[in-house]
Amino acid sequence: MAKKHVVYIVSHIHKSLAFEWIVSGLRKDIKFTFILLNPSGSLLEDFLIHHQINVKRITYRNKKDFIPAFLKTFFFLLFKRPQIVHAHLLDAQLIGLTAAWFAGIRKRIYTRHNSNYHHVYHPQGVKFDLWSNKLATHIISISQATDVTLHQLENASASKIIKIPHGFDLNLFAEVPAIRVDSIKAKWNIPADRPIVGVIARHIEWKGIQFIIPAFKKFLEQYPTATLVLANASGPYHETLLKLLSDVQKNHIVLIPFEEDVTALYPVFDMYVHTPVDSLCEAFGQTYCEALAAGIPSIFTPSGIGAEFIQNEKNALLVDFQNSDSIYKAMINLWGNPELRNHLIKNGRQDVFSKFGLDSMLNSLKKLYDA
């Protein structure tokens, strides 16, 4: 029996462990082709070429490239005739699903990677989500946040929506050689023998970093050697956050614009903080799973997938939305209580390994492609 031909259409992705895992896990059963809508080469493209996966890069820098990218995608699909198109991220959805519809591809899937972002911050963008919902034959919802957005805010057809949470090769986070961790510390000049508070989140308002910084300042008063590490430190809210940090001595702040070896970055932290501003703004939040798999005692607000499995004082500490004082108290509680830290580490790892293993996601995707 011939393999199903699935074309993944992905926009503005430089590196993705998730796509690497999907390709590696399903390539025996599925013929993959990737269309990468990127301005230039990427680590994902290098990975696909190295593993002999068909890949076509279509130059896509911004909306000015939309029409030529659409036409190239349309003709590619028209001549290759895959059974399935699976789009990821907004530009890929708009180009890929539309081109697939015009090309007569009967099975058109997209994974919903944003939740209520357009509804809250850019209402004019809601029409793009609605267009994607209309053209897709199947919509993958990844968490309660995307469930609520699709069902309640957008009235998407319930028959199209399939729940498939992200899965992870969790051992990559749980078993990191010390030499790689030491390399990260040296690369970014992260000090040893002091409390290291970690944050991995782009500098976007809804990520809630503006509430973490005042909490850290108060924590620094109690623990004067503490250091705050902000990774993925770029984005539209970056300058605002720098102003909040302006009265903190520079030897207590480490800014990391991008770190490829994220699995070795987590073990650098003594505690981890991730505090999106409401329950829906985070569509999934891979960092919930990654931090706990890495064994880092964590402080969270319950957004995205975190709202489905994080339990206060069982696998992490839950804090109130948009509340610096709540975050500060949790930091003090966590750092001053080794027993609690060990308890959270043990349960956190158990919970993510039982709920977010890679096999569950791969089996669900294969079932969807085979149907």
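**Group meeting: a buried loop, some salt bridges and three helix pairs**

Okay, let's start with Ser115, which is buried, with a relative accessible area of just 1%; buried means under 20%, exposed means over 50%, and partly exposed is in between, using a 1.4 Å probe and protein chains only. Before I go on: this is a predicted model, where local features need pLDDT of at least 70 and side-chain atom pairs count only at pLDDT 80 or more, while totals for chains, interfaces and linings use all residues. Residues are numbered from 1 along each chain as its sequence is written, and side-chain values use heavy atoms, with hydrogens and water left out.

So where does Ser115 sit? You'll find Ser115 in the loop between S5 and H5. On naming, helices (H or I, at least four residues) and strands (E, at least two) are DSSP runs, numbered from the N terminus. What does Ser115 touch, leaving aside neighbours within four places in sequence? Ser115 is in contact with Ala145, Thr146, Thr149, Leu280, Cys281, Glu282 and Ala283, and contact here means heavy atoms within 4.5 Å. Ser115 and Trp131 are 16 residues apart in sequence, and their C-alpha atoms are 15 Å apart in space.

Asn116 is in the loop between S5 and H5 too. Asn116 counts as buried, at 8% relative accessibility. Not counting residues up to four places away in sequence, Asn116 touches Thr149, Leu153, Leu280 and Cys281. If you have the structure open, look for Thr149, Leu280 and Cys281, which turn up in the contacts of Ser115 and in those of Asn116.

Now, charges. Side chains of opposite charge can pair when their charged atoms come close. The rule used here for a salt bridge is a side-chain nitrogen of Lys or Arg within 4 Å of a carboxyl oxygen of Asp or Glu. How many salt bridges does that rule give? The count comes to 16, and I'll walk you through some of them.

One of them is in the loop we were just looking at: Arg112 pairs with Asp129, with the closest N and O atoms 3.5 Å apart. Arg112 is in the loop between strand S5 (107-111) and helix H5 (117-121), and Asp129 is in helix H6 (residues 126-135), so the pair ties together parts that are 17 residues apart in sequence. Are these two buried or exposed? Asp129 is buried at 0% relative accessibility, and Arg112 is buried at 0% as well. Through shared partners, salt bridges join Arg112, Asp129 and Glu154 into one network.

Next, Arg57 and Glu45, whose side chains meet in a salt bridge at 2.8 Å, N to O. Arg57 belongs to strand S3 (residues 54-59) and Glu45 to helix H2 (residues 43-50), so this pair links distant parts of the chain, 12 residues apart. Arg57 is partly exposed at 38% relative accessible area, whereas Glu45 is buried at 10%.

There's a similar split in Glu20 and Lys15, a salt bridge with the closest N and O atoms 3.2 Å apart. Glu20 is buried, at 12%, while Lys15 is partly exposed, at 28%.

Glu20 brings us to the helices. Two packed helices are described by the angle between their axes and the distance between the axes. The axes are lines fitted to C-alpha atoms, for helices over the stretch in contact, and the angles run from 0 to 180 degrees between N-to-C directions.

First pair: the axes of H1 (residues 17-26) and H17 (residues 358-370) come within 10 Å and cross at roughly 65°. That makes H1 roughly perpendicular to H17; under 35 degrees would be roughly parallel, over 145 roughly antiparallel, 65 to 115 is roughly perpendicular, and the rest is oblique. On the H1 side the contact is made by Trp21, Ile22, Gly25 and Leu26, and on the H17 side by Leu358, Met361, Leu362, Leu365, Lys366 and Tyr369.

Second pair: H10 (residues 209-222) and H15 (residues 324-335) pack at about 45°, with their axes 8 Å apart. That makes H10 oblique to H15. Among the residues in the contact are Phe211, Phe216 and Phe219 of H10, and Tyr328 and Trp335 of H15.

Last pair: H13 (residues 286-293) and H16 (residues 338-355) pack at about 125°, with axes 8 Å apart. H13 is oblique to H16. Here Cys289, Leu292 and Ala293 in H13 meet Gly348, Arg349, Val352 and Phe353 in H16.

That's my tour, over to you.
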